[in-house]
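Hi,

Here is the structure I promised to pass on. Have a look at it first, and then read on for what turned up.

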Amino acid sequence: PPKPPPPPAALAGKTVVVTGSVEGYTRDQLKELIRRLGGKDTSSVSKKTDLVVGGENPGSKLNKARQLGVKTITAREFLKLIE
């Protein structure tokens with residue numbers, strides 16, 4: 001039988017930073033999920049960052065993203081995006 005099509009790459013070509021905790025996921029699980037969806041996980045925010053996901057207790061990365069004009073979303077928005 002033919003293979004099913006691959007899932008859409010919701011984060012294809014995007015550099016993503018996750019800051020803070022996301023309920024139900026470890027940091028390693030989130031990194032793997034981002035990679036599977038075509039994104040690149042990184043730990044530092046720069047002008048080249050496409051998306052910053054702010055979980056609980058996000059710290060200074062979220063503020064830096066806002067200062068640089070990088071798109072920020074909540075952990076809940078991120079989970080909806082990747083469904």
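Let's start with one pair of strands: S3 and S4 run parallel to each other and are joined by four bridges. (Two strands count as paired if DSSP finds at least two bridges between them; strands are DSSP runs of E with at least two residues, helices are runs of H or I with at least four, and both are numbered from the N terminus.) Within this pair, Val52 sits opposite Thr72 in S4. To get from S3 to S4 the chain passes through H2, and this β-α-β crossover is right-handed, meaning that, with the strands pointing away from the viewer, the path from the first strand over the helix to the second runs clockwise.

Before the rest, a word on what you're looking at. This is a predicted model, where local features need pLDDT of at least 70 and side-chain atom pairs count only at pLDDT 80 or more, while totals for chains, interfaces and linings use all residues. Residues are numbered from 1 along each chain as its sequence is written, and side-chain values use heavy atoms, with hydrogens and water left out.

Now the overall layout. The protein has three helices and four strands, in the order β-α-β-β-α-β-α from the N terminus. Its C-alpha trace spans about 50 × 25 × 20 Å along the principal axes. Of its 83 residues, 33% are buried (buried is under 20% relative accessible area, exposed is over 50%, and partly exposed is in between, using a 1.4 Å probe and protein chains only).

The four strands make an open, parallel sheet in the order S2-S1-S3-S4. S2 (40–41) and S4 (71–74) are the edge strands, each with a single partner, so one side of each has no neighbour in the sheet. Helix H1 (residues 27–36) packs on the sheet and touches S1 and S2, its direction making about 160 degrees with that of S1. (Axes are lines fitted to C-alpha atoms, for helices over the stretch in contact, and angles run from 0 to 180 degrees between N-to-C directions; contact means heavy atoms within 4.5 Å.) S1 (residues 15–19) and S2 run parallel, joined by two bridges, and Val16 stands opposite Asp41 in S2.

What about Thr15, in strand S1: buried or exposed? Thr15 is buried, because its relative accessible area is 17%. Apart from neighbours within four places in sequence, its contacts are Lys40, Thr42, Lys48, Thr49, Asp50 and Leu51.

On to the inside. The largest nonpolar core (buried Ala, Val, Leu, Ile, Met, Phe, Trp, Tyr and Cys residues joined through side-chain atoms within 4.5 Å) has 14 residues, and Leu11, Val16, Val18, Val53 and Phe78 touch the most other members. At least two of its residues come from each of S1, H1, S3 (51–54) and helix H3 (75–82). Not counting residues up to four places away in sequence, Phe78 touches Leu11, Leu30, Ile34, Val53 and Ile73. There is also a second, separate core of six residues, among them Val17, Leu62, Ala65 and Val70.

Finally, look at Lys61, which lies in helix H2 (residues 60–68). Lys61 counts as partly exposed, because its relative accessibility is 29%. Setting aside neighbours within four places in sequence, Lys61 contacts Val17, Thr19, Ser43 and Val45. Its C-alpha atom is 8.7 Å from that of Val18, although the two residues are 43 apart along the chain.

Cheers
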